[in-house]
Amino acid sequence: MEAQILLVEDEEKLARFVELELLHEGYKVTKCGNGREALDLAVAGNFDLILLDIMLPGLNGLEVLRRLLREKEVPVILLTARDAVMDKVSGLDAGAVDYITKPFAIEELLARIRVALKLHAATSGRIPAGGGTAGDRTDGEGVYTWQALRLDDRRHQVLYDGHEIALTNREFLMLRTLLENRDIVMSRDTLLNRVCGYDYAGETNIVDVYIRYLRSKIDDVFGVKMIQTVRGVGYVIKSGSDQ
Ligand code: CA
């Protein structure tokens with residue numbers, strides 16, 4: 001079945017152009033140019049992915065994103081203006097899976113859509129019961145642990161000593177990648193590929209931003225040093241770093 005995409009963009013010419021390209025790729029497309037209507041559509045509908053402009057009449061795209069993700073989990077790619085760095089950071093922090101800066105090459109948007117759909121299919125779990133692929137560093141079924149931390153992939157939940165830690169999708173993916181590869185130093189590029197998709201063309205320092213978020217939500221709160229920096233290389237979570 002074709003993926004259904006909600007395209008939220010108030011610039012009619014751009015919206016028409018993107019719509020035609022998406023239809024050409026075989027996606028089903030619903031178009032909307034108003035933030036408030038888009039939120040209603042997105043909550044009520046059954047979309048596989050949402051392309052969301054930020055500057056919108058009715059309701060700002062970031063606000064649409066925040067309200068939407070409180071209601072349901074759906075991958076959102078933001079369409080942002082050039083130089084709107086704070087929008088990008090706030091958007092990713094609010095749970096968008098990616099962003100693309102206008103003006104963009106349609107091929108790049110299509111590639112990011114494919115990555116987001118694939119990543120979502122992978123993280124929203126469907127690991128068959130008793131499954132888990134060989135070589136997974138799980139301590140049970142999709143569960144990764146480090147000291148008192150417990151990441152449950154299937155429930156998309158992270159607990160520290162029983163306290164739930166609210167993470168955005170990307171923070172979750174970053175943490176899972178590090179836990180999956182315990183004791184292996186992960187380079188920024190590798191982390192970026194895993195978390196943002198192989199053809200992500202944004203800034204690599206976005207990795208450092210997520211590491212900072214994770215540390216502020218876990219290390220700082222629980223007084224541990226979970227994520228170690230390996231200078232000039234990247235980051236690692238070590239099994240034996242009990243301190
Ligand atoms: Ca706009």
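Reader: Which residues does Glu-171 touch, leaving out those up to four places away in sequence?
Author: Quick ground rules: this is a predicted model where local features need pLDDT of at least 70, side-chain atom pairs count only at pLDDT 80 or more, and totals for chains, interfaces and linings use all residues. Residues are numbered from 1 along each chain as its sequence is written, and side-chain values use heavy atoms, with hydrogens and water left out. A contact means heavy atoms within 4.5 Å. On that basis, the partners of Glu-171 are Asp-93, Ala-166, Tyr-210, Tyr-213, Leu-214 and Lys-217.

Reader: Is Glu-171 buried or exposed?
Author: Glu-171 lies in helix H6; helices (H or I, at least four residues) and strands (E, at least two) are DSSP runs, numbered from the N terminus. Buried means under 20% relative accessible area, exposed over 50% and partly exposed in between, using a 1.4 Å probe on protein chains only. At a relative accessible area of 0%, Glu-171 comes out as buried.

Reader: Which residue makes a polar contact with the side chain of Arg-176?
Author: Arg-176 is found in helix H6, residues 169-180, and is buried at a relative accessible area of 13%. A polar contact is a pair of N or O atoms within 3.5 Å; within protein, one must be able to donate a hydrogen and the other to accept it, and residues adjacent in sequence count only if both atoms are side-chain atoms. The contact here spans 3.0 Å, and the partner side chain belongs to Asp-153.

Reader: Which residues are the protein donors of the calcium ion?
Author: Donors are N, O and S atoms within 2.8 Å of the metal (3.2 Å for Na, K and Ca), and water is not among the atoms, so the site may look incomplete. Lying 2.1 to 2.3 Å from the ion, the donors are two OD atoms and one O atom, from Asp-10, Asp-53 and Met-55 respectively.

Reader: How far apart in sequence are the parts that Asp-10 and Asp-53 tie together?
Author: The donor residues follow the spacing D-x42-D-x1-M. Asp-10 sits in the loop between strand E1 (4-8) and helix H1 (12-24), while Asp-53 is in strand E3 (residues 49-53), so the pair ties together parts whose separation in sequence is 43 residues.

Reader: Which of the two, Asp-10 or Asp-53, is buried?
Author: Asp-10 has a relative accessible area of 34%, so it is partly exposed. With a relative accessible area of 3%, the buried one is Asp-53.

Reader: Which residues touch the most other members of the largest nonpolar core?
Author: A nonpolar core is a set of buried Ala, Val, Leu, Ile, Met, Phe, Trp, Tyr and Cys residues joined through side-chain atoms within 4.5 Å. Among the partners of Leu-175, not counting residues up to four places away in sequence, are Leu-149, Val-158, Leu-214 and Ile-237. Of the 52 residues in this core, those touching the most other members are Ile-50 and Leu-175.

Reader: What is the order of the four strands in the open sheet?
Author: Two strands pair if DSSP finds at least two bridges between them. E6 and strand E7 (residues 149-152) pair over four bridges in the antiparallel sense, with Trp-146 bridging to Leu-149 in E7. The pairing throughout this sheet is antiparallel, and the order is E6-E7-E8-E9.

Reader: Which are the edge strands of that sheet?
Author: An edge strand here pairs on one side only. The two that fit are strands E6 (143-146) and E9 (163-164).

Reader: What positive phi does Gln-147 have?
Author: Gln-147 lies in the loop between E6 and E7. At 35% relative accessibility, Gln-147 counts as partly exposed. Gln-147 is not a glycine, yet its phi is about 45°.

Reader: And what positive phi does His-156 have?
Author: His-156 is in the loop between E7 and strand E8 (157-160). His-156 counts as partly exposed at 23% relative accessibility. Although His-156 is not a glycine either, its phi is about 55°.

Reader: Which residue stands opposite Thr-80 in E5?
Author: Five bridges join strand E4 (residues 76-81) to E5, and the two run parallel. Four of the five residues of E5 (residues 98-102) are buried, so this strand is largely enclosed by the rest of the structure. Opposite Thr-80 stands Thr-101.

Reader: What is the omega of the cis peptide bond from Lys-102 to Pro-103?
Author: Pro-103 is found in the loop between E5 and helix H5 (106-123). The cis bond leading into Pro-103 from Lys-102 has an omega near -5°.
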